[in-house]
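Colleague: I am new to this structure and would like to study a single part of it slowly. Please choose one part, look at it closely, and explain each term as you go.

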Amino acid sequence: MGALLGLALAVHATLGAQAPGPVASAPESTLVAGLRDTGFVAWRDGFASRARLGTSFLFEDERFAVLALTPVAQDATSPDSLVRAAAVGCQRALDLPPEVLEPLAVLRPWVAFDSATRARPVVALVIAPAERRRFDCHAGTLARIAAFARGIQFGLAAPYDRTADVGRAEVRRDGLLEPVVLAGHAPLTRVVTGGVVRDGTGHLRLYLAPETFAPTAEGRAPRLEIHVWDAVNDEPDILPVPERVVRAVWQQMLPWRARQLAVVAPEAADAAVALDRLTRWPLPPRAETRGAMLLAAATFGAHDDPAAMSALLADVLEYHPCLTFSAAVPPSLREMTQVLRPPARCTSIPLPMIALRSLVPGGGQATSPGRRRLALGSFVGTGVAYLAGRTALAASRRTYDAYRTYAGNSQPPADGLFARAERFRRIGNGFTLTAGAVWGAATLEGLHAEWRHARDIAEVTALGDPRTVGRVRPTVDPRGIGLAVTW
Amino acid sequence: MRGRFRGGFIAALLLAAACDLQAPYARTNPFDPGGTIRMRIVGPDSSHALGERLRFAIEAEPALPPGPLYVNWQSDNPALLVSAANGEFVVLGASARFTELGITATFGEVPVRRTILLGQSADSLRLACGTIAVPAACDATPMTVGATLDVRPRLVDAFGNVVRSPSDALARAVTAVRTAGVVQVLPDGAAAGVIRLRATAAGTSWVVVRVDRGTDSVRVVVSP
């Protein structure tokens, strides 16, 4: 699959990080769409107008921060209005003169690079010095991300530090150097108290092919590291990309990957439509989501794309670890399911047994793995509440005994003792009822969880049986493309 | 089946929790102003002698707490009836005229009241004629028909004290003339503190007088 995509890559791109060194401040080439990328611009435009927002993740170490932007996220953060909102939001906090706001809003250091990569699915990594003395004055997280994507940071002034300046960077996947489609350098704009500072500090962008984020054939997310050198030292900072970021980026590129597949294999069109549907509002029901992902997994598997198949399967198995396929499903899918299946209890316990175990508070929860903490919480909660209730009631009875034997020669007086006894009684009863409620709620929760577990198992057992498998039928919906999946 | 089991289990759970709750307490302490205990003073309804000691007690439903209780006993007029000890009073002032007097037992701020009759009753009676200085037997000087004779009583209560205000005691007196028609008991004598007889026919008769628990008699002679 990587070879196929490699054929589609335009040859005009500069593979910047293969030879780490000075990076360009303007794109040296323009990426043009290959055969399989035809229609990508239209796809991302439709995504921006009708679908959910793209995936953008910000992660950092002590010196550097990295923002990962999928093409859809690049489009979502591109409007000047977001940066303008961030600048206006920070105007008061940083005492900014009005005349600096509009220039900030139209500051587009990456417009040439974005334009050069627009026709091709690439993931941009924005690498900049970490915001150490940051002001959270932006108008929302998206505005901050939009500003960060343009190399604009809001915060207190700090002297130029060469060790915090980004020199160059490279990406390694499972230890091996990854080719960079395009790389660029631009000055960092620091918005500080009273104005804007450009002290020569820069930031980088690396444009990567989506396959950099592709899972292994076993469905495991690759170990991605970004090595960042400052302007002084020879040793780079190594920023591991969180696994959830890797998976999320890859997931967002899958609909387009299915479309690419459909270009050469028309029978994959259903999978493309199904995955496209998952990216649009409103979110489809759970069963439909699962059906779409399995359909796409089967399609990818049938067209020699085990990485995409295993990634989708892993995602489905994360929520349905007990999923099994019938014999009618291709063996590769069944075998991969067995390989990827996370440890899980795939049997159900009769509800009367759960109720019996719940006689010990939390016993119902303790039955399932991964719920021990909840079980312990139920047990401790019930116990603590009950003991507190017992203690308060014991104090109440002691006080009431003192009230009953009060002979008129001590303090507090009888009515004071009675009021205290009643107060303790109410507290004790309250705690006792709380203990009962926690106990009862834990029992109900245990029963409900087990019932739901049994239902979930039944729902995903022997999927693909010819007697039960349904149709995947795209339908036109005013809110987007609908997908009806019936098992 | 499962639904029934679950319902029964929850019901049992709630029942167990409910059984373990403490019901509201009863306010039964006599010193509690908001209490619901019913109390009354029990003891004698009246006093009959000076120096008499009256003992009262508290009867309560439910029962009072065990052990000594710090109760303040008082009468409305300590000059007449003084509290001597826990529920015990001593009569200091009383007469043959019975009057109402309140006594109070106070539990902290909770009072319990009762009213008794305070007075003197005659325990013994001695009748005599003549003067106070020189008493004489009533039959020593025969009366003539139509004449009157004042018989002076001497009333003493159970503690040997002379009954004060004897006229009030004589208002309760019962007299009897053994030989009918010889003398007549006049009603106006009681106001003067004497038993006044009028001779109506010649003869001899015993006149018997009873005041409270005291009884005595005198013999009168009427000559034609």
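Modeller: A residue is called buried if 20 or more other C-beta atoms, placed from the backbone, lie within 10 Å of its own, exposed if 12 or fewer do, and partly exposed in between. By that rule, 28% of the 224 residues in chain B are buried. This is a predicted model, in which local features need pLDDT of at least 70 and side-chain atom pairs count only at pLDDT 80 or more, while totals for chains, interfaces and linings use all residues. Residues are numbered from 1 along each chain as its sequence is written, and chains are lettered from A and ligands numbered from 1 in the order in which they are written.

The part I have chosen is a pair of helices in chain A. Helix 8 of chain A, residues 243–264, packs against helix 9 of chain A, residues 269–278, at an angle of about 160 degrees, and their axes are 8 Å apart. Because of that angle, helix 8 of chain A runs roughly antiparallel (over 145 degrees) to helix 9 of chain A. The crossing of these two helices is left-handed, the near helix being turned anticlockwise from the far one by less than a right angle.

On the side of helix 8 of chain A, the residues that meet the partner are Leu254(A), Pro255(A), Ala258(A), Arg259(A) and Ala262(A), contact being counted when C-beta atoms placed from the backbone lie within 7 Å. Facing them, helix 9 of chain A contributes Ala269(A), Ala271(A), Ala272(A), Leu275(A) and Asp276(A). By class, this contact has 8 nonpolar, no polar and 2 charged residues, where Asp, Glu, Lys and Arg count as charged, Ala, Val, Leu, Ile, Met, Phe, Trp, Tyr, Cys and Pro as nonpolar, and the others, Gly among them, as polar.

For the wider setting, 28 residues of chain A are in contact with 27 residues of chain B. The elements of chain A that give two or more residues to this side are helix 13 (351–357), helix 15 (372–404) and helix 16 (414–459), and helix 16 of chain A supplies the largest share, 14 residues. That side of chain A has 15 nonpolar, 9 polar and 4 charged residues. Chain B itself comes to 2 helices and 18 strands, these being DSSP runs numbered from the N terminus, with at least four residues (H or I) for a helix and at least two (E) for a strand.

Terms used: Contact = placed C-beta atoms within 7 Å. Axes fitted to C-alpha atoms, helices over the stretch in contact; angles between N-to-C directions. Parallel < 35°, antiparallel > 145°, perpendicular 65-115°, else oblique.
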